[in-house]
Amino acid sequence: TQSTRPQRILGAVQQNATRGDPRSVVRAIDQYCRNQEWAMNVGDEKGCILDSVVSEVNPATVLELGTYCGYSTVRIASLLPPHAKLITLEFNPEFAVIARQVIAWAGLEDKIQLVEGASGDLIPKMKEQFGVETFDLVFLDHWKDRYLPDTKLMEECGLLRKGSVLLADNVICPGTPEYLEFVRSSPRYESQYFKSHLEYTKVEDGLEKSVFLG
Ligand SMILES: Nc1ncnc2c1ncn2CCCCCNC(=O)c1cc(-c2ccc(F)cc2)cc(O)c1O
Ligand SMILES: [Mg+2]
């Protein structure tokens, strides 16, 4: 039977990456997606910007919206301090099955909790079900029309504190116009655009970093 793209990405990891070596997992996925077939990972160019923001924030708690195959999940978790935790939400069960195996190959199961479900349903349950107070860093990489409603939802649920950092992928391509307008005009956020390119292409895209001011 025909394999799926996420299954082929997992195969590339298992063939080319070293178990327990997260950076080799990231490299294997980038090489596969650049040379064999495109996939919607944040990729190596935007990934370097992601790395610098993660290192700067040095977060104890991270929320990722949209896991896909776990590329950015592994990339972020590989930079976290010892007791830090990353919760990643994935809607698609097929993607979740693959992401769990990619995360296991990287040896990062202890830092990462993958939860299946829609962000709009799970965000209000974060405190009671996952014992989270607030998130130091949120990486938004899910449905582009959910970035704004979910940001408002996180505020309402008390999941953001003064200084929490939101980092949003794809603010140009596919684009998140309502979200951009909101974080750039709201007095409660300090935003900065990092110009880059859509993963594995020359098309413009970028990351928007927004600090919640409380
Ligand atoms: N827990 C949850 N709650 C809600 N939605 C949830 C979810 N978990 C998952 N999803 C649903 C996310 C579906 C994938 C989102 N990402 C994207 O749609 C995406 C698309 C492109 C792209 C660009 C140019 C093109 F020509 C084609 C595609 C690039 C990217 O970097 C992207 O991240
Ligand atoms: Mg993306």
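## A walk from the metal site outward

Start by selecting Asn 170: with a relative accessible area of 4%, this residue is buried (under 20% relative accessible area; over 50% would be exposed and anything in between partly exposed, using a 1.4 Å probe and protein chains only). A word on what is loaded: this is a predicted model, where local features need pLDDT of at least 70 and side-chain atom pairs count only at pLDDT 80 or more, while totals for chains, interfaces and linings use all residues. Residues are numbered from 1 along each chain as its sequence is written, chains are lettered from A and ligands numbered from 1 in the order written, and side-chain values use heavy atoms, leaving out hydrogens and water.

**The magnesium ion.** Now add ligand 2. Asn 170 (OD1) joins Asp 141 (OD) and Asp 169 (OD) as the protein donors of this magnesium ion, 2.0 to 2.2 Å away from it. Donors here are N, O and S atoms within 2.8 Å of the metal (3.2 Å for Na, K and Ca), and since water is not among the atoms, sites may look incomplete. Along the chain the spacing reads D-x27-D-N. Asp 169 is buried too, at 0% relative accessibility.

**A cis bond.** Step along to Cys 173 and Pro 174: the peptide bond between them is cis, omega near 5°. Pro 174 sits in helix α9 (residues 171–175); helices are DSSP runs of H or I with at least four residues, strands are E runs of at least two, and both are numbered from the N terminus.

**Two helices.** Next, colour α8 (residues 147–156) and α10 (residues 177–185), which pack at about 45° with axes 8 Å apart. That makes them oblique to each other, the label for whatever is not under 35 degrees (roughly parallel), over 145 (roughly antiparallel) or 65 to 115 (roughly perpendicular). The axes are lines fitted to C-alpha atoms over the stretch in contact, with angles from 0 to 180 degrees between N-to-C directions. Show Tyr 147, Leu 148, Thr 151, Lys 152 and Glu 155 on α8, meeting Glu 178, Tyr 179 and Phe 182 on α10.

**Ile 29 and Tyr 200.** Finally, pick Ile 29. Beyond neighbours within four places in sequence, its contacts (heavy atoms within 4.5 Å) are Ile 9, Val 13, Asn 41, Tyr 71, Val 102 and Tyr 200. Finish on Tyr 200, in the loop between β6 (189–197) and β7 (204–212). Tyr 200 has a positive phi near 65° without being a glycine, and is buried at 13% relative accessible area.
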